Amino acid sequence: MELTGYWWPKHAGRYAALASPPSQGSHCSAFIATGGATADGSIVMAHTSFTDFWQGQFENVILDLTPDEGHRIVMQTTPGWIASMTDFWLTGAGLAISETTISGYDGSKGYDENRAPEFVRARTAAQYARDIDDWVEILNTDNNGGYACSWLIGDINTGEIACHEQGLLYQSLSRKADGYFWGDNAPKDPRIRNLECGATGFDDVRSPNGAREVRWQQLLAEHEGRIDTDSAQRMLGDTFDPYLGRDQPSARTICAHYDADPCQFNDVTAFSPHGSVDGKVVTSADVESMSLWARFGRADGAEFVAEDFLRTHPQWNWQRDCLQDRPRQPWTRFRPEAAPDS
C-alpha cells in the first residue's frame, strides 16, 4: 500500500494517475477498551479490515512467529508480507496492536523514501517493543511518512491503552487506563486532519468515515461497562447506517458493504466489490495465551457470492477471474502452538 499510494505518485511522472488516489473511502473499523468500559476490567480490542475483495480473499493467514531476537509475534497477514498489513498484532511482550489508515493523505507530498517504510517500522516495533512507549518511539524513528495510520495499542501488563496518530509532520499520543478509543480512518488530531490531509469526511455523516465516527460513539457508549468478546464481535458486525437512520448495510456502516451501496451520498464508487473482509477480537487473556477470535469473510457473517454479484453489477465483469466466493464463516478461536517468548 505504501508503494502504490506514496512512492508511485511521487515518482511515476506522467503515469502518476494510475496510483491509488486519496479518497474518503474507508479501510477498516476498530476499537480498544479497558478498565471500567469492559466487563472484567481487562483490555478488549477488535478490528475489521476493509479492502477490495480480490485482495482481501487472500488475507487468510494467522502467522505465529518466534524470531531469533525479540518477542514472539502472532498476526493476521498474507503470504510474503513481513508485517501484518491487515492491522492486527499480538506480541510476547503483552502488547495488542491494531490500526486504521488515515484517509485523504496525499501520498505524493511529504513522503521521504530515504527513510524507513511503515511496514519496516511496524514490524520492528512489534518484534522489539516492550511497552507502549517503546512502540511509539520505534514507530516514530526515521518516519518516512508512508502509510499514515491511527494506531490503537494495549499493554496487558498495565491495563493501559493508547491511540497514536502518526502523520509526517505531526504525531499525537493519547492514553488511558479506563475507557476506549476507536478508529474509522479519520484522524482525531486536527493538525493531521486539516494541515496534512485532504478530505477525510470526519464531520460529514454522509461519508463512510463521518458515519462511523458517529456510530462508534453510539455503540461504545451503549456497551460501556459490558464490553467483552461477544459484544465486540457484534459491534464489528454492526450494519446500522447513521445517515439513513436505520439498519441497512452500506459503505457507511461499521461492517462496510460497499457492494450493496449505490453511494449516491458521497464520492465513493457505487456497488464496488469492497468492504469488510474479516473480523478479529482479543481480550487480555487471549493476548497472554497468544490466541485470538477471528472470522474470515465479512465481520457480520454475510456471504459474498461472486456470480450473483456480477450478474447484478456487470460493470465489474473485468474482475470475474479474480473474485472468489466467501461463504458465511463462524467466529473461531485460533490457538497457535505454544512457543517460548525469547
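Visitor: How many salt bridges does a search of the whole structure find?

Guide: Side chains of opposite charge can pair when their charged atoms come close. In this model, which is predicted, a search of the whole structure finds 17 salt bridges.

Visitor: Which residue forms a salt bridge with Lys 10, and where in the chain do the two partners lie?

Guide: Lys 10 pairs with Glu 113, and their closest N and O atoms are 3.4 Å apart. The pair links distant parts of the chain, since Lys 10 belongs to helix 1 (residues 2-11) while Glu 113 sits in the loop between strand 6 (95-101) and helix 3, 103 residues apart. Lys 10 is partly exposed, with a relative accessible area of 38%, and Glu 113, at 30%, also counts as partly exposed.

Visitor: Is Asp 286, the salt-bridge partner of Arg 333, buried or exposed?

Guide: Asp 286 is buried, with a relative accessible area of 3%, whereas Arg 333 is partly exposed at 27%. The closest N and O atoms of this salt bridge are 2.8 Å apart. Arg 333 lies in strand 16 and Asp 286 in helix 8 (residues 284-289), so the salt bridge ties together parts that are 47 residues apart in sequence. Elsewhere, salt bridges that share partners join Asp 133, Glu 160 and Arg 175 into one network.

Visitor: What is the nearest side chain of opposite charge to Arg 326, and how far away is it?

Guide: That side chain is Asp 259, at 6.6 Å, and Arg 326 has no salt bridge although it is buried. A salt bridge needs a side-chain nitrogen within 4 Å of a carboxyl oxygen. Arg 326 lies in the loop between helix 9 (306-312) and strand 16 (332-334), and the residues that Arg 326 touches include Phe 53, Gln 57, Glu 303 and Phe 304.

Visitor: At what angle do the axes of helix 3 and helix 4 cross, and how should I read that value?

Guide: Two packed helices are described by the angle between their axes and the distance between the axes. Here the axes of helix 3 (residues 118-128) and helix 4 (residues 132-140) come within 8 Å and cross at roughly 155 degrees. Angles over 145 degrees count as roughly antiparallel, and helix 3 and helix 4 are therefore roughly antiparallel to each other. Their crossing is right-handed.

Visitor: Which residues make the contact between these two helices?

Guide: Helix 3 contributes Arg 121, Ala 122, Thr 124, Ala 125, Ala 126 and Tyr 128, while helix 4 contributes Asp 134, Trp 135, Ile 138 and Leu 139.

Notes
Residues numbered from 1 in each chain as written. Predicted model: local features only at pLDDT ≥ 70, side-chain atom pairs only at ≥ 80, totals over all residues. Heavy atoms only, no water. Helix = DSSP H or I, 4+ residues; strand = E, 2+ residues; numbered from the N terminus. Buried < 20%, exposed > 50% of the residue type's maximum accessible area, 1.4 Å probe, protein only. Lys, Arg positive; Asp, Glu negative; His and termini not counted. Contact = heavy atoms within 4.5 Å. Axes fitted to C-alpha atoms, helices over the stretch in contact; angles between N-to-C directions. Parallel < 35°, antiparallel > 145°, perpendicular 65-115°, else oblique. Left-handed = near helix turned anticlockwise from the far one by under 90°. Lists of a residue's contacts leave out its neighbours within four places in sequence.
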